[in-house]
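Below are some notes on this model, set out as numbered points for a colleague who wishes to check them against the coordinates. Please read them with the structure open.

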Amino acid sequence: RIHSGVYAEAPTLQQFVYLVGDQRDSVIIQQTDATVLTLVSNVVLDSLTVTLVTPTAARNVITDNAVAVTGVTLRNVNFAITTSGGFAHRFVLLSAISTVTLDRCISSITDGANPAIHLIRNDTAAATVTIQQCIFTLNTTAGFVIFSNVAGTWTLRAHGDKFPGGA
């Protein structure tokens, strides 16, 4: 369990770890000019905020680092940025045949510099991504919540298997 606080570090994750914070908005893991977390298989990140703080170049905040990972769950995670510096950032970058679930995650990013921020990006290899009960707001003119260069498998769920309004 991670106690409330701001942690300016990039933890090295190990397989079969359940990393849980006291509360999402009071446990903040942040980096300025580096990847915050490199994913490994069979890990759960729960109830924390992952923040990029005033970067000086484009960054990947959470990545599989082009190594396939499975059994990864990001639950109740807040993706945040203090300022983009006008650079294009990827909050979750998947570049391998990875399997990742985002559950009850949030993000509200507004940036007047209008960089091409990608909240979830899939490059080079088809990932399997499940997004359920997440609320993502990206207020830039050049950004994408979901961006994929390859044909992966994407499952979007809200309120169980149905979106509001029964669609």
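1. Since several points below turn on burial, the cut-off comes first: a residue is called buried when its relative accessible area is under 20%, and exposed when that area is over 50%. The model is a predicted one, and every value in this note should be read with that in mind. By the burial cut-off, Ala96, with a relative accessibility of 6%, is buried because that value is under 20%.

2. The surroundings of Ala96 deserve a look. Ala96 sits in the loop that runs between β8 (90-94) and β9 (99-103). Leaving aside residues up to four places away in sequence, Ala96 touches Asp64, Ala66, Val67, Ala68, Asp123, Ala125, Ala126 and Ala127. For Asp64, one of these residues, the C-alpha atom is 7.0 Å from that of Ala96, although 32 residues separate the two in sequence.

3. As for the overall make-up, the chain contains 15 strands and zero helices. Of its 167 residues, 44% are buried. Among contacts with a separation of 6 or more, 77% are between residues that lie 24 or more positions apart. The exposed surface of the chain comes to about 7700 Å², and carbon and sulfur atoms supply 52% of that area.

4. Which residues does Thr73 touch, once those up to four places away in sequence are set aside? They are Val43, Val44, Leu45 and Thr101. Thr73 itself belongs to strand β7, which covers residues 72-81, and its relative accessibility of 14% places it among the buried residues.

5. The charged pairs come next, and the general principle is that side chains of opposite charge can pair when their charged atoms come close. Over the whole structure, the search returns six salt bridges. In one of them the side chains of Asp46 and Arg75 meet, with an N to O distance of 3.8 Å; this pair links distant parts of the chain, since Asp46 is in strand β5 (residues 43-52) and Arg75 is in strand β7, 29 residues apart. Asp46 is buried, its relative accessible area being 9%.

6. Arg75 also meets the side chain of Asp103 in a salt bridge, here with an N to O distance of 3.3 Å. This pair likewise links distant parts of the chain, with Asp103 in strand β9 and Arg75 in strand β7, 28 residues apart. The relative accessible area of Asp103 is 10%, so this residue counts as buried. Through salt bridges that share partners, Asp46, Arg75, Asp103 and Arg104 are joined into one network.

7. A further salt bridge involves Asp123, which was listed above among the residues touched by Ala96. Asp123 pairs with Arg121, and the closest N and O atoms of the two are 2.8 Å apart. Both partners, Asp123 and Arg121, are buried.

8. How many disulfides does a search of the whole structure find? The count is zero. Cys105 is accordingly in no disulfide, and the nearest cysteine sulfur to it, that of Cys134, is 4.5 Å away. Seen from Cys134, the closest cysteine sulfur is that of Cys105, and the 4.5 Å between them is too far for a bond, because a disulfide requires the two sulfur atoms to lie within 2.5 Å. Cys105 is buried, with a relative accessibility of 0%.

9. The last point concerns aromatic rings, where a pair is described by the distance of the centres and the angle of the planes. The structure holds three aromatic pairs. Phe79 and Phe91 form an edge-to-face pair, with 6.4 Å from centre to centre and 75° between the planes; Phe79 lies in strand β7 and Phe91 in strand β8, twelve residues apart, and the pair links distant parts of the chain. Phe79 and Phe91 are both buried. The rings of Phe79 and Phe136 also have their centres 6.4 Å apart, but their planes are at 55°, so this pair is tilted. With Phe79 in strand β7 and Phe136 in strand β13 (residues 135-139), the pair ties together parts that are 57 residues apart in sequence. Phe136 is buried, as is Phe79. Taken together, Phe79, Phe91 and Phe136 form one aromatic cluster.

Terms used:
Residues are numbered from 1 along each chain as its sequence is written. This is a predicted model: local features need pLDDT of at least 70, side-chain atom pairs count only at pLDDT 80 or more; totals for chains, interfaces and linings use all residues. Side-chain values use heavy atoms; hydrogens and water are left out. Helices (H or I, at least four residues) and strands (E, at least two) are DSSP runs, numbered from the N terminus. Buried means under 20% relative accessible area, exposed over 50%, partly exposed in between (1.4 Å probe, protein chains only). Contact means heavy atoms within 4.5 Å. A salt bridge is a side-chain nitrogen of Lys or Arg within 4 Å of a carboxyl oxygen of Asp or Glu. Rings of Phe, Tyr and Trp (its six-membered ring) pair if their centres lie within 6.5 Å; planes under 30 degrees apart count as stacked, over 60 as edge-to-face and the rest as tilted. Accessible areas come from the Shrake-Rupley method with a 1.4 Å probe; for residues, only the protein chains shown count as cover.
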